Amino acid sequence: MAVRVETGGGPDRMAVVRRAGLLAAGALLAAVPAAAQRAPAPPRHPNIVILLADDWGFSDVGSFGAGYATPNIDALAKAGVRFSNFHAAGSCSPTRAMLQTGVMNHRAGLGNMPETIPDAHRGKPGYDTVMNHSVVTIAQMLKAAGYRTYLTGKWHLGSDATRLPEARGYDRAFSLADAGADNFDQRPIEGMYDKANWTDNGKPGKLPKDYYSSRFVVQTMIDYIEADRVSGKPFLASVNFLANHIPVQAPDSDIARYAGLYRDGWTALREARARRAAALGIVPAGAPMVTMATTRDWKALDADERRAATRAMQAYAGMATAMDREIGRLVAHLKASGDYDNTIFVFLSDNGPEPLDPYNRLRNRLFLGMEYDTSIANIGRRHSFAAIGPGWASAAASPLSGYKFSATEGGLRVPLIIAWPGHPQVRGGAISDGLAHVTDIVPTLTELAGVPAHGGTWEGRRVEPLAGRSLVPVLAGAAGSVHGDTPIGYELSGNAALFRGDYKLVRNLPPTGDGRWQLFDIRTDPGETRDLSRTMPDRFAAMRADYAAFAKANGVLEMPAGYTADDQINLYAWRKQGRKRAIQAALVLGGALVAFSALGWLLVRRRRARRVDQAKADVIGA
């Protein structure tokens, strides 16, 4: 349609021009297909929040069987999928490397940690004790796709300039390079490190005066997200809590909340948690349990031992609740900012509960008694150094066997929750009992985010390919495991396992085990109570062969005779701090002895001189 427009001055002519423009625009729109007129804006990449707990056992979350309060984590479970057959490594750094990269820990350089590696393995391939440069992190992949990338809290994957989070794909990071630190002060784990190695975007970090670890890592993450909001880009927020790693510490109000609990002891708690987990559908009803050899008889403890142990568990529960509250604060912030529905949440623990008792050696008791207030009334508070020990750890892992450092289910099987509240692809309130592994997280997140994962090359060089498989089919409702019958191997500090379908081949060295290989059906017997190695010899032999292939492909080394992680940690602490402090103490003591000796010598001389003077005076007087 032709439109004739007369030009000239005057408001009437301008109105004609406007009407003509509208008619022309209408004609053009009429010529455009209707589908094109309604074309939606390109989909936004989802935000991603990873919430990594430290040393939380399998039933340390309310929605997995815990009796203490974790309402905010439980809300994520209700909005997403709980994985009841999910496995990590038996210690923190190997899990963190696999979580960051989707690559097996030996391939990523974490065949062992700095604190637990024997001298004979140092420097061997795969035993760097830091995350190597042959792997690509989730932060690097997402950053290349236009994401903002942030990390707060525990890193423990290397402390030099090429291995801090800022060098591994994170735009901003306030991170701790050590295994742990104090939760109230800028103070290391005394005896392990000379300082708390916090860094703020690559430079030495200074903690605020009102610092408490869980509150700080969440608030810093909120600040990071808001500082760059104007960019309009999606974000990756990796929040790495210190809770509930040693030292177990919590605000007074959170400890007081549990003042009336845990007086019946760890065995009663272990049984109660097993019942709750079964009622929730997390484990099969009636699944048998073992009693660990390290679990003492609660009734045989004296009154002070029971008081101290009860207080430690109350502090542990308070620490978990304090962490959950901060997760709730982060979620509330994302709801207020409009980000919640388009955010993928991943909650998991890095390994099973910590069983080590730092007071099990006289040297440690003397040292900790000098460095901390170890009174029962102060357990879990500022200036304390508390731990739950093997008794409560057995309850935290309930109904599983074993705990951190071991290859038992209690060491490797941990809670995992994945939620995307505003997306129908992720079922709400579902439970998956199919085998899943920590290396599956990276391919799951890249698929959900619509970001291509690398195919074994990155920036023109070859890198380690992803070992995990995407869990997206499970999130959408598929039954079973994405791994099918494919074997998945694992080893750390000589404790080893191989998973294949519903079965697990496992070996634990002393003191956790006897060094023998065993076979379990972990779907029906998650507590590992019935060894099937003799009744299923063919499967046992086949899985032994699978493990041998895994060990060869990953450069797994056998452990030196007599090795234990506990002994190695104490040796590490002695070399790093104990010997130096012992020498200092010896010098101080030696100096004091010399001073006292000199003073004594002077006093003796003065006494003798007085006697001589008195004798002379007596002679003269006579």
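Contact here means heavy atoms within 4.5 Å. The model is predicted.

**Exercise 1.** Find which residues Trp 198 contacts, leaving aside neighbours within four places in sequence.

*Solution.* Start at Trp 198 and apply the cut-off. Its contacts include Phe 174, Tyr 211 and Leu 242. Gly 153, Lys 203 and Pro 204 are also among them. Now look at the rings. Phe 174, Trp 198, Tyr 211 and Phe 216 form one aromatic cluster.

**Exercise 2.** Classify the ring pair of Trp 56 and Phe 347, then place both residues in the chain.

*Solution.* Step one: the ring centres lie 5.9 Å apart. Step two: the planes meet at 70°, and angles over 60 degrees count as edge-to-face, so this pair is edge-to-face. Step three: Trp 56 sits in the loop between strand 1 (47-53) and helix 3 (71-79). Phe 347 belongs to strand 9 (residues 343-349), 291 residues apart from Trp 56. Step four: Trp 56 is buried, at 0% relative accessible area. Phe 347 is buried too, at 1%.

**Exercise 3.** Do the same for Phe 174 and Phe 216.

*Solution.* The centres are 4.9 Å apart and the planes stand at 80°, so the pair is edge-to-face. Phe 174 lies in strand 5 (residues 172-176), and Phe 216 in helix 6 (residues 213-227). The two are 42 residues apart. Phe 174 is buried, with 5% relative accessible area. Phe 216 has 12% relative accessibility; the limit for buried is under 20%, so Phe 216 counts as buried.

**Exercise 4.** Which ring does the charged end of Lys 335 sit over?

*Solution.* Locate the charged end of Lys 335. The ring beneath is that of Tyr 340, with its centre 4.8 Å away.

Key. Residues numbered from 1 in each chain as written. Predicted model: local features only at pLDDT ≥ 70, side-chain atom pairs only at ≥ 80, totals over all residues. Heavy atoms only, no water. Phe/Tyr/Trp six-rings, centres within 6.5 Å; stacked < 30°, edge-to-face > 60°. Helix = DSSP H or I, 4+ residues; strand = E, 2+ residues; numbered from the N terminus. Buried < 20%, exposed > 50% of the residue type's maximum accessible area, 1.4 Å probe, protein only. Lys NZ or Arg CZ within 6 Å of the ring centre and 35° of its normal.
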